[in-house]
Amino acid sequence: MANPDAEDRSGVVGVPRETVYTGADALTDALLHLGVEYVFVNLGTDHPALVESWARRAREGEPLPRIITSPHETVALAAAMGYADVSGRMQAVVVHVDVGTQNLGGMVHNAARGRVPVLIIAGASSVTLHGEMAGSRSDFIQFVQDVYDQRGIVREYVKWSYEAKTGRVLGMLAGRAAQMANADPKGPVYLVAAREMLEEPADRAWSTASWARVEPAGLAPEAVRRIGDALLRARRPLVVTSYLGRQPAAVEALVRLSERLGLGVVQPQRRFLNFPDHHPHHLGYEAAALVRQADLVLVLDCDLPWVPMDAQPAPGASVFYLDVDPIKEAFPLWHLPIDAAYRVDTGVALEQLEAYLAGRTVDGERLEERRRWIAAEYDRIHVPPPADPIGPEGAIRPDFVTAEVNALLDPDDIVVNEMAPIQHLQRTRPGTYFSSGGSSLGWGGGAALGAKLAAPDRTVVHLSGDGAFIFGIPTAVYWMAKRYQAPFLTVVYDNGGWNAVRRSTLRQHPTGVAAATREFFHRFADPPQYHEIARAAGGALAIRVERPEALRDALKRGLEAVRSGTSAVVNVRVEAP
């Protein structure tokens, strides 16, 4: 029971609650000042102050980020990630207490491994019981949702976490969180505020402008000379990259350098488009065979350029590692033989190397040797789509599906890929291809939604494995796509199970019992009708494809629907690899 002698806890004695500028107001203003256009929310009983602040602002026509209600937290975070990838700007996610934080699930891993700046704001159980402060506990669940270390749920995956001790500093804390999220290596951050902190009076005068951006760093002059001279001397130089394409200008610089010097480029675990797929110097997505042949390996923004079990550089080969995180501080066990590692912004480093190499040339015979090697490897790697689109088991070959999708895409269309083969996906422009950068499935649907919100005038195509589609909470995804007018096309590669399990088991136990009996416990018997889930949840155009001759028309219908404002799912029965 509240103390009848206590002062008015509305924030300021004798002043109506709605006239008080609260921590929730300060937090909202901070998001606006930080350039957050969208806040993806899954609200709970810990958020009345935010709801009241936003409702008042909406009524009075005051500035407010667009509030996107997400029926599931996984989709909220995936959408914020997709928006940040396409726009280059951090967005925010609001979840409730410990259970909402846990429902973020593997997307926090993906945001960390994918280096995506996202501000996650979580409520917390109230810290008072008897009305001592505005926001005291008023429901049973505020007791059962109180835990000893809520931030510990995500501590392994966020760059920074903090719980506000007073609402008076919530604006400042948002600025600090954004500074951490946006500093390389970028990543998610986690800010917690209990109900009382959001209701507490706050200072209007504080501004986020005082948080300085960390300027990108380049190579020392000696490092530029060392790497530049090595690039001129090498006979088979190879560039390996996975996420250089987060900077479009860096992609263009790499193309120029590759063409001048005769550099082959391979993209293992491709996160962005780092090098045009159609370029004659593009050597695909598997580095092992190339690394064994190269006498110089230049790694640019890549978490694992090759798997040590599969390959090692040739004896005497030089390895230079340029990365925002060259020693992979978040990976407890990681080792590669490296001659020199440099913590740099690769875009700046490529500009420095271009300037140093201007006017210098590779010996003519050596340049021709490089080009012959690249041409031979290109011919080995770049094979045409399968002549027979039907595989041995009677289903459509996955590579054929990708080739058919590729034939219908415009150069500026955005592809969000999760677990689909990309050998025949010819993307040529930076900012037109994205993957998660992590290993938690279910990212693609939400990311495609966020990508569409970030680029409403562009067509977004989501390529998804069937397992990834299930993990992505499609009921939430397609409801949100309809509710917020963000249509996109999904192509589901329905191979009836988790083939990563099968491949890994066969590699480790090639002659074992599982291989002999073909029992990998990975199949979906009588799988769901994925396209019908999207139709029920969000009115999406739903198409099932069983035969290759029907695929092109189905994809065309899907794209027409999306460009007319309706999401579409083309569910294709494909051969298991």
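Two strands are said to pair if DSSP finds at least two bridges between them. This report applies that idea to a predicted model, beginning with its sheets and then turning to its helices.

**The five-stranded sheet**

Strand β7 (residues 237–241) and strand β9 (residues 296–300) run parallel and are joined by 5 bridges. Within this pair, L238 stands opposite V297 of β9. Both strands belong to an open sheet of 5 strands, arranged in the order β8-β7-β9-β10-β11 with parallel pairing. At its edges lie β8 (264–266) and β11 (340–343), each of which pairs on one side only. On average, neighbouring strands of this sheet are turned by 15 degrees against each other, direction ignored.

**The six-stranded sheet**

A further open sheet is formed by 6 strands in the order β13-β12-β14-β15-β17-β16, and its pairing is parallel. The edge strands here are β13 (433–434) and β16 (541–545), and each pairs on one side only. Helix α20 (residues 530–538) packs on this sheet and touches β15, β16 and β17 (568–573). The direction of α20 makes about 175 degrees with that of β16. Inside the sheet, strand β14 (residues 460–465) runs parallel to strand β15 (residues 489–494), with 5 bridges between them. One of the matched positions links H462 to its bridge partner T490 in β15.

**Strand β4 and its partners**

Strand β4 (residues 118–124) is mostly covered, since 7 of its 7 residues are buried. In a regular strand, the side chains alternate between the two faces of the sheet. In β4, V118, I120, A122 and A124 lie on one side, L119, I121 and G123 lie on the other, and all are buried, which leaves both faces covered.

β4 pairs in the parallel sense with β3 over 5 bridges. It also pairs in the parallel sense with strand β6 (residues 188–194), over 7 bridges. V118 has a place in both pairings: it is the bridge partner of Q91, and its own bridge partner in β6 is P188.

The pairs of strands described so far can be set side by side.

| Strand pair | Sense | Bridges | A matched pair of residues |
|---|---|---|---|
| β7 and β9 | parallel | 5 bridges | L238 and V297 |
| β14 and β15 | parallel | 5 bridges | H462 and T490 |
| β3 and β4 | parallel | 5 bridges | Q91 and V118 |
| β4 and β6 | parallel | 7 bridges | V118 and P188 |

**The surroundings of Q91**

Q91 is found in strand β3 (residues 91–95). Is Q91 buried or exposed? A residue counts as buried when its relative accessible area is under 20%. The value for Q91 is 0%, so Q91 is buried. A polar atom of the Q91 side chain lies 3.3 Å from the backbone oxygen of R89. Leaving aside residues up to four places away in sequence, Q91 touches G35, V36, E37, Y38, F40, A80, Y83, P117, V118 and L119. The list thus includes V118, the bridge partner of Q91 in β4.

**Helix α1 and its contact with α7**

Why can helix α1 be described as largely enclosed by the rest of the structure? The reason is that 9 of its 11 residues are buried. These are G23, A24, D25, A26, L27, T28, D29, A30 and L31. After α1 comes G35, whose phi is positive, near 85 degrees. G35 is also among the residues that Q91 touches.

Helix α1 (residues 23–33) packs against helix α7 (residues 170–182) at an angle of about 30 degrees, and their axes are 7 Å apart. The crossing of these two helices is right-handed. α1 contributes G23, A26, L27 and A30 to the contact, while α7 contributes L170, G171 and A174. By class, the contact holds 5 nonpolar residues, 2 polar residues and no charged ones.

**Two further helix regions**

Helix α9 (residues 221–233) and helix α12 (residues 346–357) cross at roughly 65 degrees, and their axes come within 10 Å. This crossing is right-handed. The contact is made by V224, R225, I227, G228, D229, L231 and L232 of α9, together with Q352, L353, Y356 and L357 of α12. It comprises 7 nonpolar, 2 polar and 2 charged residues.

In helix α17 (residues 474–483), the buried residues are P474, A476, V477, Y478, M480 and A481. Q485 follows α17 and has a positive phi, near 50 degrees.

Definitions and conventions
Residues numbered from 1 in each chain as written. Predicted model: local features only at pLDDT ≥ 70, side-chain atom pairs only at ≥ 80, totals over all residues. Heavy atoms only, no water. Axes fitted to C-alpha atoms, helices over the stretch in contact; angles between N-to-C directions. Helix = DSSP H or I, 4+ residues; strand = E, 2+ residues; numbered from the N terminus. Left-handed = near helix turned anticlockwise from the far one by under 90°. Contact = heavy atoms within 4.5 Å. Nonpolar A, V, L, I, M, F, W, Y, C, P; charged D, E, K, R; others polar. Buried < 20%, exposed > 50% of the residue type's maximum accessible area, 1.4 Å probe, protein only. Polar contact = N/O pair within 3.5 Å; in protein donor to acceptor, adjacent residues only side chain to side chain.
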